[in-house]
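Here is a short briefing to read alongside the sequence and the 3D view. Take a look at the model first, then follow the points below.

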Amino acid sequence: MSAEASSSTSNAHASVLMPSEDLPADAVHIKGPDLSNPVTLDELLKSYNTIGFQATGLSRAIQIVEEMVSFP
């Protein structure tokens with residue numbers, strides 16, 4: 001491998017392979033629902049909080065709507 005190619009490879013590795021950072025203490029741990037047992041719709045929707053980023057946003061939106069509906 002030429003010195004130029006080696007330098008390009010090193011630059012690519014340095015740009016892509018960044019050191020990891022610790023997760024914040026309040027980070028949501030991503031985990032899908034356990035579908036090996038029957039799950040109610042309510043349980044499934046509540047599990048959206050830990051499925052992933054977009055599902056977490058949907059879960060929060062559902063919570064807000066539920067709060068709005070139950071507001072006296």
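**A helical chain, piece by piece**

Helix α3 is home to S59, a good residue to start from. Please keep in mind that this is a predicted model. S59 counts as buried because its relative accessible area is 4%, under the 20% cut-off. Across the chain, 6% of the 72 residues count as buried.

**Overall build**

- The chain contains three helices and zero strands, and reading along the sequence gives the pattern α-α-α.
- What radius of gyration does the chain have, and what would a compact globule of 72 residues have? The chain has 21 Å, while the globule would be near 11 Å.
- Along the principal axes, the C-alpha atoms of the chain fill a box of roughly 70 × 35 × 20 Å.
- The chain has an accessible surface of about 6,400 Å², and carbon and sulfur atoms account for 61% of that surface.

**Around S59**

- Which residues does S59 touch, if those up to four places away in sequence are not counted? They are L45, Y48 and N49.
- So S59, at 4% relative accessible area, is a buried residue, and it sits in helix α3.

**Around L44**

- L44 belongs to helix α2, which spans residues 41-47.
- Is L44 buried or partly exposed? L44 is partly exposed, because its relative accessible area of 28% falls between the 20% and 50% cut-offs.
- With neighbours within four places in sequence left aside, L44 is in contact with P33 and V39.
- From L44 to V65, the separation is 21 residues in sequence and 17 Å in space, C-alpha to C-alpha.

**Nonpolar surface patch**

- V65 is also one of the residues of a nonpolar patch on the surface, together with I64, M68 and V69.
- Together, these residues offer about 400 Å² of accessible area.
- M68 from this patch lies in helix α3, which covers residues 53-70.
- Why does M68 count as exposed? Its relative accessibility is 59%, and exposed means over 50%.

**Salt bridges**

- How many salt bridges does the structure hold? There are two.
- One of them pairs D42 with K46, and their closest N and O atoms are 3.2 Å apart.
- Both D42 and K46 sit in helix α2, four residues apart, which is about one turn of the helix.
- The two partners fall into separate exposure classes: D42 is partly exposed at 42% relative accessibility, whereas K46 is exposed at 58%. The assignment follows because exposed means over 50% and partly exposed covers the range from there down to 20%.
- Another salt bridge joins the side chains of E67 and R60, at 3.9 Å from N to O.
- E67 is partly exposed, with 47% relative accessibility, and R60 is likewise partly exposed, at 41%.

**To take along**

- For the helices, recall the pattern α-α-α and the absence of strands.
- For the side chains, recall the D42 and K46 salt bridge, the E67 and R60 salt bridge, and the patch of I64, V65, M68 and V69.

Terms used:
Residues are numbered from 1 along each chain as its sequence is written. This is a predicted model: local features need pLDDT of at least 70, side-chain atom pairs count only at pLDDT 80 or more; totals for chains, interfaces and linings use all residues. Side-chain values use heavy atoms; hydrogens and water are left out. A salt bridge is a side-chain nitrogen of Lys or Arg within 4 Å of a carboxyl oxygen of Asp or Glu. Helices (H or I, at least four residues) and strands (E, at least two) are DSSP runs, numbered from the N terminus. Buried means under 20% relative accessible area, exposed over 50%, partly exposed in between (1.4 Å probe, protein chains only). The radius of gyration is taken over C-alpha atoms; the globule rule is 2.2 Å times the number of residues to the power 0.38. Accessible areas come from the Shrake-Rupley method with a 1.4 Å probe; for residues, only the protein chains shown count as cover. Patches are made of residues with over 30% relative accessible area and no salt bridge: like charges are joined within 9 Å, nonpolar side chains (Val, Leu, Ile, Met, Phe, Trp, Tyr) within 5 Å. Contact means heavy atoms within 4.5 Å.
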